[in-house]
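Work through the two exercises below with the sequence and the 3D structure at hand. Each solution goes step by step.

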Amino acid sequence: MNGNTKQSLYIWSVVVAFTAITVILGDSLGMLSKYPENLALSLTEPLNNGMRWFVVTFGWLFKAIAWVFDWPILFAKTVLHAVPWVAMLVLATYAAYRAKGYGLAVFCAMSILYMVTFGFWEQSLNSFSLVVVSIPLAVAIGFGIGTWGFMSERAYRAIMPTLDLMQTVPAFAYLLPILLLFGFGSTVGLVASVLFAFPPMVRNTIIGLRGVPQPIIESGIMSGATPSQLFWSVRVPTARRQLLLGINQTTMASLSMVVIASIIGGTNDIGWQVLSTIRKALFGESILAGIVIALMAMILDRMTSGFAMRSASLDLAEKKRRQRGWLICGGVVLMTALMAHLIPILSVWPKELIINPAPSMNAGLEWFFLEFRVVLDNIKQTAFFYLMLPIKIGLNQAISPFSWGFSMTPLVTTVYVVLVAVPVAFMVIKGRYLLAVWAALIGLLLYSGLQGVAWTALCMIIIVIGWQTGGRSLAAWIAAGLAFILLTGIWNPAVISLYLCGVAVLIAFVLGSAIGIWASENDKVSVLVRPVIDTLQTMPLFVILIPFVMIFKIGEFTALLSIVIFAIVPAIRYTEHGLRNLSKEVVEAATAIGSTRMQLLFQVKLPLAVPTIMLGLNQTIMFAISMLVITALVGTDDLGQQIYIGLGDGDFAVGMTAGIGMAIIAMIADRITQSISRKMQAKLGIRLEQGA
Amino acid sequence: MSVNDSFTPKLSCRNLWKLYGPGVSGFLSDESRLPQNGGDGKLLAQSIREQGGIVASADVSFDLMPGEIFVIMGLSGSGKSTVVRCLSRLVEPTSGEILLDGLNLLQASPKELIDFRRYKMGMVFQSFGLLPHLNVFENIAFPLKLQGMPLQDRSARVERVIALVGLEGREDSYPSQLSGGQQQRVGIARSLAVEPEVWFLDEPFSALDPLIRRQMQDEFLRLQQELHKSIVFITHDFLEALRVADRMAIMKDGAVVQIGRPVDLILKPEDSYVREFTNDVPWELILTAGDIASDNAPPEGVREVSADTKVCDLLPYLSEHDSGVAVRTADHSLYHMTGKDVIAALASGMSTTTTAKS
């Protein structure tokens with residue numbers, strides 16, 4: 001055992017000892033166990049007063065900006081609505097064909113037909129016009145800031161942490177100050193969407209410009225390029241693909257924020273359609289509208305990524321052919337527009353002809369619930385009592401005659417202690433001391449639950465994890481973050497966030513890496529899984545909620561399921577990617593030595609893929625947190641709910657502190673997992689680039 | 001090889017230093033320690049390294065004569081790429097002088113420098129440095145476009161260099177559609193399009209397969225016979241250096257170990273480091289009849305060859321004619337050379353032979 005592991009063993013033993021003391025002594029520890037409420041600074045009043053003063057003083061400025069922004073939105077809306085749907089169909093279908101061929105063209109045409117015939121055309125256009133205005137703004141801002149960060153090292157160092165913060169602050173939290181400053185209206189959606197959508201463009205711009213190979217730059221300089229020629233004729237075109245990927249990500253972020261922004265209401269767009277129908281429990285309607293969002297997301301994603309991936313290198317004949325194609329398409333658009341003037345159905349789909357299967361869908365659902373109520377309830381109850389509650393409030397309180405069939409008598413406690421002690425003892429005998437200490441800690445946490453464990457112990461555990469993975473500076477950083485959460489009095493909802501997110505990540509990661517491993521070993525599985533996770537990833541967050549709310553109604557279990565299903569995406573993707581992209585030589589060498597397939601997987605591939613899988617865990621956590629906030633809609637009582645409440649009441653302080661608290665949790669998790677991955681990379685002597 | 005009658009250097013590199021690391025300019029502030037002021041360059045480099053500085057180039061000086069191919073040869077990390085980048089100011093030298101036609105490049109303003117690069121210099125890169133979004137024609141025309149040359153002149157110029165490097169018919173291809181050899185032809189054509197006076201080639205053929213490399217070297221020599229550029233050619237391949245060089249410099253640890261004609265390096269290696277390289281050289285490819293011929297006068301009636309005939313070309317003849325050949329030197333005197341002389345020369349490792357007669 002070397003000095004390092006010895007040191008961590010001591011540290012962890014201290015942590016376990018302290019946690020054990022807090023568990024045994026319980027509430028008699030007083031302040032050390034329950035964070036005293038009077039120690040929380042009451043920031044609510046001053047923050048709200050500050051914001052009120054700011055709004056009163058500078059409100060005119062933002063009102064003016066809002067007024068300016070209203071024009072392009074109005075313009076986009078007017079233009080889009082003036083074009084008959086059939087002309088739009090032709091144009092979009094041709095663009096889809098250019099971007100990715102016949103498949104996407106057919107998909108695009110069918111989607112637009114769906115939007116029209118199911119009566120969502122107007123709402124779709126309203127959402128789309130916001131997206132259309134916000135994308136060029138976000139791209140321009142992102143490209144400008146990215147270029148600045150590329151040119152100046154100092155700017156880079158300021159920009160990166162700001163982006164981290166902007167991308168970890170939950171989408172909901174963005175809306176609140178914007179709402180207060182700009183007042184109700186479409187502008188809120190636009191501003192929020194631009195603010196939310198430009199960071200990925202910044203990242204991609206910096207990555208793209210930095211990634212231009214040195215020889216290309218040198219050859220540009222030696223060709224006699226002036227600095228501006230070097231930038232516009234060498235760097236930007238060489239970084240083209242990365243920049244277009246940035247536009248793709250910006251588009252997706254913009255759409256998802258436009259959808260989320262409809263939560264403030266008053267807009268007749270597709271996001272509002274979904275939300276209002278969910279609230280009225282009209283699940284058929286909300287699913288039909290949700291499908292529209294999903295279709296929009298998929299088409300926008302495939303189209304922009306199609307243009308990004310398409311080769312820029314075309315011979316002259318092909319270029320000419322494309323130009324001619326666009327001309328013909330323009331002609332057809334004009335023709336159909338004229339035709340639409342003569343045949344009104346091509347311009348505005350009549351209300352009588354709208355297909356509306358929602359009532360029968362609702363009836364079908366009704367029948368389904370009646371038929372399967374027992375099964376569904378059982379699933380929900382089991383997960384709730386045997387998994388979620390123990391982690392939340394601990395076995396200590398979760399075990400009751402009502403749920404487990406017996407109560408937590410001293411005898412049961414003893415049995416539990418023995419059940420934990422035996423494997424711990426076994427590990428000690430085996431010499432795996434550190435593992436034994438961790439097992440003991442998990443045993444303690446399961447007994448008292450995240451909510452039941454003393455705040456001092458929980459803080460200590462988190463700080464020590466940070467210290468052990470990222471050194472003293474990370475530990476100090478985490479301590480400061482936790483202090484913020486404690487001092488602003490959001491500790492309790494933060495712990496609930498931690499618990500929901502933790503359970504979801506645990507399930508998503510275990511399940512996801514298992515699927516990822518399977519997919520890496522089996523091409524058929526991979527081909528099946530790929531489109532599913534691609535689709536899930538492009539789905540705007542609260543569309544994912546709909547099916548789960550439908551089946552399991554509101555509550556923590558529904559929240560958990562939606563988080564798991566969304567957070568599983570990176571777990572699968574990174575695991576498969578990590579396993580499939582190992583150095584070929586190592587795999588060949590191991591095969592040549594005579595490993596069986598299982599030996600190869602478990603003793604060669606998996607250990608080498610661990611850094612990538614850890615990055616997957618990192619992304620799993622990030623995905624989980626972004627979904628966690630959205631699940632406030634289905635009634636959780638965590639930080640997300642606080643943000644939601646703040647948004648509903650226009651309470652800046654409540655919403656903002658909760659939003660920053662959520663960002664702190666996300667950043668702590670991010671830094672810890674990143675440092676673990678970096679440590680492993682260093683150990684294995686590899687370097688992974690984390691994508692934007 | 002071409003020899004220009006002018007004896008003023010086209011390009012001069014004087015006491016060039018390039019240091020990396022914190023506070024490096026301070027290392028050279030003591031003027032008296034600089035070699036041009038009587039200091040010892042090796043000692044200075046050594047002391048800089050001991051203080052934590054990185055010495056990429058240490059007191060490098062050489063002249064490039066008009067129409068000459070000057071090869072800088074060294075292993076990776078020897079500083080040869082740094083030197084060529086300093087010559088074009090892709091890398092800013094820490095101290096020294098670069099004189100192009102007598103003008104100090106290091107004092108050129110950014111604008112003047114751009115003009116130097118636009119009209120006087122061409123450079124070829126190991127990894128080609130082609131712009132992926134432009135086709136062959138556009139890549140070659142790129143420097144001309146930056147100059148603002150009208151399209152018609154551009155096309156004429158580009159067609160000429162395309163013919164020169166043998167890329168006719170590939171004008172519309174993109175770099176990704178070309179083989180390595182073809183990509184480097186594009187790189188060569190692009191650097192020649194501006195009709196440069198000084199041509200830098202940074203390991204131009206190192207990324208290519210051996211057979212292609214050989215072929216490209218031949219074509220490069222053929223081009224040079226036509227164009228008579230003044231060339232700095234970087235390579236890590238000693239045999240390549242021998243093939244193309246008029247003169248060459250061997251570099252180690254940022255410093256020049258020896259400068260001379262290839263045959264000088266082989267026959268009189270400065271130290272064991274240079275000898276290491278010469279050990280593997282197939283002597284018969286380098287040595288000329290003049291290097292080997294004995295001091296005796298030739299018998300009557302044997303075949304006569306000039307002193308710069310490569311030994312390898314004579315081997316078939318010598319194997320069938322015991323009487324050997326008569327070697328005529330530059331001053332028209334005749335010496336005798338037989339197969340035995342060749343064998344003796346190869347066997348002795350050439351350590352005793354002199355080159356007086358050449």
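**Exercise 1.** Find which residue stands opposite E304(B), and place the pair in its sheet.

Step 1. E304(B) stands opposite A326(B), a residue of β12(B). This is a predicted model, in which local features need pLDDT of at least 70, side-chain atom pairs count only at pLDDT 80 or more, and totals for chains, interfaces and linings use all residues. Residues are numbered from 1 along each chain as its sequence is written, with chains lettered from A and ligands numbered from 1 in the order in which they are written.

Step 2. Strand β12 (residues 325-328) of chain B pairs with β11(B) in the parallel sense over four bridges. Strands pair if DSSP finds at least two bridges between them; helices (H or I, at least four residues) and strands (E, at least two) are DSSP runs, numbered from the N terminus.

Step 3. The open sheet has three strands in the order β11-β12-β13 (chain B), with mixed pairing. Its edge strands, β11 (303-306) and β13 (334-337) of chain B, each pair on one side only.

**Exercise 2.** Describe how helix α2 (residues 44-82) of chain A packs on helix α5 (residues 121-151) of chain A.

Step 1. The helices pack at an angle of about 130°, with their axes 9 Å apart. Axes are lines fitted to C-alpha atoms, for helices over the stretch in contact, and angles run from 0 to 180 degrees between N-to-C directions.

Step 2. α2(A) is therefore oblique to α5(A) (under 35 degrees is roughly parallel, over 145 roughly antiparallel, 65 to 115 roughly perpendicular, the rest oblique).

Step 3. Contact residues (C-beta atoms, placed from the backbone, within 7 Å) include P72(A) and I73(A) of α2(A) and L125(A) of α5(A).

Methods:
Contact = placed C-beta atoms within 7 Å.
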